[in-house]
Amino acid sequence: MTNRITNLFNIKYPIIQAGMVWNSGWRLASAASNSGILGLLGAGSMYPEVLREHIQKCKKATNKPFGVNVPMLYPDIENLMDIIIEEDVKIVFTSAGNPKTWTKWLQDKGVIVVHVVSSVKFALKAEEAGVDAIVAEGFEAGGHNGRDETTTLTLIPMVKEKIHVPLIAAGGIATGKAMLACMVLGADGVQIGSRFVASEESSAHQDFKNVVVDAKEGDTQLTLKELAPVRLIKNKFYNDVQELYKKGTSVEELKALLGRARAKKGMFEGDLEEGELEIGQISGLINDIKPVSTIVEDIVSEFEAAKNSISSI
């Protein structure tokens with residue numbers, strides 16, 4: 001399974017394990033890389049020295065390529081980037097910001113740069129900034145999301161039509177069949193998040209993993225667009241947000257309710273009532289917690305079987 005993505009990252013399969021806050025520590029990233037895909041550390045939930053520790057542990061746990069996802073809204077991003085260079089990480093995925101800010105700086109130091117977008121407009125800006133590849137993430141995705149609510153099925157062919165760099169599809173992908181569908185639509189590879197939350201190696205709290213496995217269709221909703229759109233499992237915190245909306249809330253009231261460390265409280269500490277539980281719509285198809293290696297094997301096997309079944313039509 002060789003293409004532009006496998007060649008770019010020197011991996012066996014064109015699959016990226018998303019760098020998700022509070023879920024993507026060194027155990028998950030190294031297990032993903034050891035399974036033949038690209039593992040990513042989620043720097044958005046790490047202080048600079050914590051990121052350094054995870055990079056160093058990841059290096060010891062795998063001799064395969066891995067990268068770091070860096071949300072550019074992070075307040076201490078300069079220190080994160082310095083550590084990435086000091087620790088000789090060669091792949092960085094940036095998100096939630098202007099790709100022009102860091103792309104050339106990183107590339108001048110020998111780093112492959114990929115930027116995550118949610119629209120054609122931002123994909124064009126990322127290509128103009130000189131990124132090596134683009135992740136186009138549809139509305140189905142977990143965590144922070146695009147305001148336009150464009151679905152993956154629509155977004156991928158629209159972005160593919162306009163850009164020339166390798167394209168990675170994200171949002172609502174947890175199976176080999178979904179991977180094949182995205183590649184038929186023009187993607188060179190896929191980025192998968194929610195399926196890897198429900199893995200043995202994920203750093204998420206076990207109670208959060210169990211909620212993901214138990215989630216059904218309609219259990220998640222995109223909200224908090226006034227701050228940063230985020231897809232959440234419906235729990236007490238989500239309901240509190242909706243009550244504010246009913247009253248005609250202000251941005252200040254939403255910020256006050258959100259407070260600090262809601263995502264950590266929910267996903268990492270397992271507070272299922274007051275925590276922010278970020279996950280994608282595809283959680284309705286996730287029914288078990290498995291080792292990363294088994295998840296990858298399942299996805300690749302289903303991809304090949306689906307491709308063969310279509311070719312016989």
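1. Alanine 169 is buried in this predicted model, with a relative accessible area of 0%. The residue belongs to strand S8, which covers residues 167-170. Apart from neighbours within four places in sequence, alanine 169 is in contact with Ala136, Ile156, Cys182, Ala187, Gly189, Val190 and Gln191. The C-alpha atom of alanine 169 lies 11 Å from that of threonine 151, a residue 18 places away along the chain.

2. Helix H2, formed by residues 26-34, is mostly covered, since seven of its nine residues are buried. These are Trp26, Leu28, Ala29, Ser30, Ala31, Ala32 and Ser33. What do the buried residues of H2 pack against? Their partners include three strands, namely S1 (15-17), S2 (39-42) and S3 (66-71). Helices H3 (48-61), H9 (194-197) and H14 also receive contacts from the buried residues of H2. Just after H2, glycine 36 adopts a positive phi of about 100°.

3. Serine 33, a residue of helix H2, may be taken as a single example from that element. Is serine 33 buried or exposed? Its relative accessibility is 2%, and because buried means under 20%, serine 33 counts as buried. When residues up to four places away in sequence are set aside, serine 33 touches Leu38, Gly39, Thr62, Lys64, Pro65 and Phe66.

4. Helix H6 spans residues 120-129, and its buried residues are Val120, Ala123, Ala126, Glu127 and Ala129. The buried residues of H6 pack against two helices, H5 (103-107) and H7 (152-162), and against strands S5 (112-117) and S6 (133-137). Glycine 130, just after H6, has a positive phi of about 95°.

5. Positive phi values also occur in residues other than glycine, and aspartate 88 is one of these, with phi near 60°. Aspartate 88 is located in the loop that joins helix H4 (77-86) to strand S4 (91-95). At a relative accessible area of 46%, aspartate 88 is partly exposed. Alanine 96 likewise has a positive phi, near 55°, and is placed in the loop between S4 and H5. The relative accessibility of alanine 96 is 38%, so this residue counts as partly exposed.

6. How many aromatic pairs does a search of the whole structure find? The search finds three. One of them joins tryptophan 102 and tryptophan 105 in an edge-to-face arrangement, with 5.0 Å from centre to centre and 85° between the planes. Tryptophan 102 is buried, at 12% relative accessibility, whereas tryptophan 105 is partly exposed, with a relative accessible area of 28%. A contact of another kind involves arginine 231, whose charged end sits over the ring of phenylalanine 139 at 4.6 Å from the ring centre.

7. The second largest pocket holds about 210 Å³ of space. Its lining consists of 13 residues, and those nearest its centre are Ala174, Thr175, Arg195, Leu285 and Lys290. By class, five of the lining residues are nonpolar, three are polar and five are charged. Which helix gives the most to the lining of this pocket? Helix H14, made up of residues 292-311, does so with four residues. H14 is also among the elements against which the buried residues of H2 pack.

Key. Residues numbered from 1 in each chain as written. Predicted model: local features only at pLDDT ≥ 70, side-chain atom pairs only at ≥ 80, totals over all residues. Heavy atoms only, no water. 1 Å grid on protein atoms, 1.4 Å probe; cavity = no way out; pocket = protein on both sides within 12 Å on 5 of 7 lines; lining within 4 Å. Points joined across faces, edges and corners; volume = space filled by probe spheres on them. Nonpolar A, V, L, I, M, F, W, Y, C, P; charged D, E, K, R; others polar. Phe/Tyr/Trp six-rings, centres within 6.5 Å; stacked < 30°, edge-to-face > 60°. Buried < 20%, exposed > 50% of the residue type's maximum accessible area, 1.4 Å probe, protein only. Lys NZ or Arg CZ within 6 Å of the ring centre and 35° of its normal. Contact = heavy atoms within 4.5 Å.
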